[in-house]
Amino acid sequence: LPARVEGVIGERIARLPEGLRETLNVSSVMGYEFIAQVIARVQKAQELDLVKSLSRELEKRYLLVFEQGETKIGKQFFSIYRFSHALTQQYLYDELSAGERRLLHGEIAETLESLSDDRGQFALQLARHFDEARNAEKAIQYWTLAGDSAYQVYAQNEAIAAYTRALELGKEAALGTEQLRHL
């Protein structure tokens, strides 16, 4: 980020109470858009308390996030939020150490996997988070699922990208003949 932009964002973030900063740090690992229920589980916080913090403090008072609405997947409701600006998310993500990012990606992936009845719905996010957590076995599984989903809706470029990443990771983990053939 340009030094001036980084300074302005850093100044705004520094004014936040520690708990809100930590919520934003975890959220930045999930991405520009994030799911409140996942963040609550990762932080071991009550869902209602976290949603209140997001909507009352971070949205209305500090203008750092916006609620995108709720969506129901299976029997679960998910509250979707996004950062007010992509540069804010990028700044927070870049401020984390490589170890923190890897561990948080792993926790987010495990949480999202446990919350979701329909893993195909989140295949791409799960693939990316397991990949960033360096869990090659799970990442291959979800890159393959993401590729299959993309292929079914004729999104060939996305399918090729997902299958290619699964094959790249397959060099680290021994893939079976059937898996290789499928990819």
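**Exercise 1.** What separates Arg 165 and Glu 168 in helix α9? Place the pair in its salt-bridge context.

*Solution.* The model is a predicted one.
Step 1. Arg 165 and Glu 168 are three residues apart in helix α9, so about one helical turn separates them.
Step 2. An α-helix has 3.6 residues a turn, so residues three or four places apart point the same way.
Step 3. The two residues form a salt bridge, and their closest N and O atoms are 3.0 Å apart.
Step 4. Relative accessible area is 26% for Arg 165, which is partly exposed; Glu 168, at 39%, also counts as partly exposed.
Step 5. Asp 131 joins Arg 165 and Glu 168 in a network of salt bridges. Asp 131 is one of the buried residues of helix α7.

**Exercise 2.** Which residues of helix α7 are buried, and against which helices do they pack?

*Solution.*
Step 1. Helix α7 spans residues 123-132, and its buried residues are Ala 123, Leu 126, Ala 127, His 129, Phe 130 and Asp 131.
Step 2. These buried residues pack against α2 (18-30), α6 (98-115), α8 (136-152) and α9 (156-170).
Step 3. After α7 comes Arg 134, which has a positive phi near 65°.

**Exercise 3.** Compare the salt bridges Glu 57 with Arg 61 and Glu 113 with Lys 138 by sequence separation and burial.

*Solution.*
Step 1. A search of the whole structure yields seven salt bridges.
Step 2. In the pair formed by Glu 57 and Arg 61, the closest N and O atoms are 3.2 Å apart. The two residues are four residues apart in helix α4 (residues 47-61), which means a separation of about one helical turn.
Step 3. Glu 57 is partly exposed at a relative accessible area of 27%, whereas Arg 61 is exposed at 56%.
Step 4. The side chains of Glu 113 and Lys 138 meet at 3.0 Å, N to O. Because Glu 113 belongs to helix α6 and Lys 138 to helix α8, this pair ties together parts that are 25 residues apart in sequence.
Step 5. Glu 113 is buried, with a relative accessible area of 7%, under the 20% cut-off. Lys 138 is partly exposed at 23%.

**Exercise 4.** In what order do the three strands lie, and why does one side of β1 and of β2 lack a neighbour?

*Solution.*
Step 1. The strands form an open, antiparallel sheet in the order β1-β3-β2.
Step 2. β1 (33-35) and β2 (65-73) are at the edges, each with a single partner strand; therefore one side of each has no neighbour in the sheet.
Step 3. Neighbouring strands are turned by 30° against each other on average, direction ignored.
Step 4. β2 pairs with β3 (residues 76-83) over eight bridges. Among the partners are Thr 71 with Phe 78 and Ile 73 with Gln 76.
Step 5. β1 and β3 pair over three bridges, and Phe 34 has Tyr 81 as its bridge partner in β3.
Step 6. Two residues lie between β2 and β3 in their hairpin, and Gly 74 in the turn has a positive phi of about 65°.

**Exercise 5.** Which residues touch the most other members of the largest nonpolar core?

*Solution.*
Step 1. The core holds 54 residues, of which Leu 24 and Leu 58 touch the most other members.
Step 2. α8 supplies the largest share of this core, six residues.
Step 3. Leaving aside residues up to four places away in sequence, Leu 24 touches Ile 13, Leu 16, Leu 58, Leu 64, Val 65, Phe 83 and Leu 92.

Terms used: Residues numbered from 1 in each chain as written. Predicted model: local features only at pLDDT ≥ 70, side-chain atom pairs only at ≥ 80, totals over all residues. Heavy atoms only, no water. Pairing = 2+ DSSP bridges. Axes fitted to C-alpha atoms, helices over the stretch in contact; angles between N-to-C directions. Buried < 20%, exposed > 50% of the residue type's maximum accessible area, 1.4 Å probe, protein only. Contact = heavy atoms within 4.5 Å. Core = buried A, V, L, I, M, F, W, Y, C linked by side-chain atoms within 4.5 Å. Salt bridge = Lys/Arg side-chain N within 4 Å of Asp/Glu carboxyl O.
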